[in-house]
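Subject: Structure for you to look at

Hello,

Here is the structure I promised to pass on. Please open it and keep it beside you while you read.

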Amino acid sequence: MPTNYTAVFQDPKAVEKYAEETYAAGTFSSQVSRRQEEWLRGFVTEAFDTAPVHHDFACGTGRAMRMLEGVVAESHGYDTSEAMLSKARSIGTPGVLHHIGEIGGLPTSAKRPAIVTMFRLLLNASPQVRDRALEFAAGMLPDADAGVLICENHGHSRSLRKLRKVLGRPGDWFRELSHPEVEGLFERHGFELATVQGFTLLTRGFYERPPFKWVAPAVDSALARSRWGTRYASDVLYVARRM
Ligand SMILES: C[S@@+](CC[C@H](N)C(=O)[O-])C[C@H]1O[C@@H](n2cnc3c(N)ncnc32)[C@H](O)[C@@H]1O
């Protein structure tokens, strides 16, 4: 894992790789993202009587903002990387994109109801960045009726992904995050977990290598979102509220 995670995404090459390779059409990540989008849009429509204002912390190229287009009243994305924000603009992300600092005051808004998202951030971010992200969420969601926080963990520790470590091929970026660690982070910032939803049991390799790749997406799509699948999913979304 890079020592300064925030600096990684200042590099235009990392931005291009993220947008054009990691999330290219048909990739593992884009298929998981499509499942998340389907679930998220249904969740927001059911959970709120009036369309919420969306605040996406570490929005990057605006993936979550595009997922929620049309089901939220307004959308705001916040990120420390001008390069990521510029990519988000160039691919037509709806809403307002805000460049924020790594330290210092955080944006606030009194509009409610609100939904705060943070996707693909917690796993690789430092403890300081995780705390700052939760501080942002607590500011936007001051009480239990203000709305919900939805966070992605794309490296759940109790999943098949662990095989990479066990087999000795973890790679430079390999990190893991457990449910108790996430719950602990939530609790320290006055949030309690409401629900967890899984999106993939399998890992990227299964989607890329024959013969697995011929069946993996369909099998994974059918199983990962079940209650059992969610328990062992490598990628999950947590929904939390203020206590
Ligand atoms: C892996 S990308 C995820 C982007 C987007 N949320 C998604 O899921 O596609 C991580 C993002 O976190 C941003 N980031 C890193 N450190 C940050 C910080 N301290 N405050 C806000 N954003 C940060 C990066 O610039 C990058 O855009």
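Below are my notes on the ligand site, the aromatic pairs and the backbone.

One caution before the details: this is a predicted model.

**Ligand site**

The shell around the ligand holds 18 residues, and T6, Y18, A58, D79 and F119 come nearest. By class, that shell divides into eleven nonpolar, four polar and three charged residues.

Three side chains bring polar atoms up to the ligand. In T6, a side-chain N or O atom is 2.8 Å from a ligand nitrogen. In R63, a side-chain N or O atom is 2.9 Å from a ligand oxygen. In T80, a polar side-chain atom lies 3.5 Å from a ligand nitrogen. How much of the ligand's own accessible area does the protein cover? On its own the ligand has 590 Å² of accessible area, and the protein covers 99% of that.

R63 has a second partner worth a look. Its side chain makes a polar contact of 3.0 Å with the side chain of S33. S33 belongs to helix 3. The relative accessible area of S33 is 9%, so S33 counts as buried. R63 therefore has polar atoms facing two ways in these notes: a ligand oxygen at 2.9 Å and the S33 side chain at 3.0 Å.**Aromatic pairs**

The whole structure contains eleven aromatic pairs. One of them joins Y5 and F9. Their rings meet edge-to-face, 5.4 Å centre to centre, with 75 degrees between the planes. Y5 and F9 are both buried. Ring pairs also link Y5 and F9 with Y18 and Y23 in a cluster. Y18 appears again at the ligand, among the residues that come nearest.

A further pair is formed by W39 and F199. This pair is edge-to-face too, at 5.9 Å centre to centre and 75 degrees between the planes. Which parts of the chain does the W39 and F199 pair tie together? W39 lies in helix 3 (residues 28-47) and F199 in strand 6 (residues 191-200), so the pair ties together parts that are 160 residues apart in sequence. Both W39 and F199 are buried.

One charge also sits over a ring. The charged end of R242 is placed over the ring of F191, 5.2 Å from the ring centre.

**Backbone**

Most residues other than glycine have a negative phi, and most peptide bonds are trans. The following places depart from that pattern.

- The peptide bond from R112 to P113 is cis, with omega near 0 degrees. P113 sits in the loop between strand 3 (96-99) and strand 4 (114-118).
- The peptide bond from P210 to P211 is also cis, again with omega near 0 degrees. The loop between helix 9 (204-208) and helix 10 (216-223) holds P211.
- A58 is not a glycine, yet its phi is positive, near 60 degrees. A58 lies in the loop between strand 1 (53-57) and helix 4 (63-67). With a relative accessible area of 22%, A58 is partly exposed. A58 is also one of the residues that come nearest to the ligand.
- R120 has a positive phi as well, about 50 degrees, and is not a glycine. The loop between strand 4 and helix 6 (127-140) contains R120.

Best wishes

Notes: Residues numbered from 1 in each chain as written. Predicted model: local features only at pLDDT ≥ 70, side-chain atom pairs only at ≥ 80, totals over all residues. Heavy atoms only, no water. Phe/Tyr/Trp six-rings, centres within 6.5 Å; stacked < 30°, edge-to-face > 60°. Buried < 20%, exposed > 50% of the residue type's maximum accessible area, 1.4 Å probe, protein only. Helix = DSSP H or I, 4+ residues; strand = E, 2+ residues; numbered from the N terminus. Lys NZ or Arg CZ within 6 Å of the ring centre and 35° of its normal. Near = heavy atom within 4 Å. Polar contact = N/O pair within 3.5 Å; in protein donor to acceptor, adjacent residues only side chain to side chain. Areas by Shrake-Rupley, 256 points an atom, 1.4 Å probe, with all protein chains shown as cover. Nonpolar A, V, L, I, M, F, W, Y, C, P; charged D, E, K, R; others polar.
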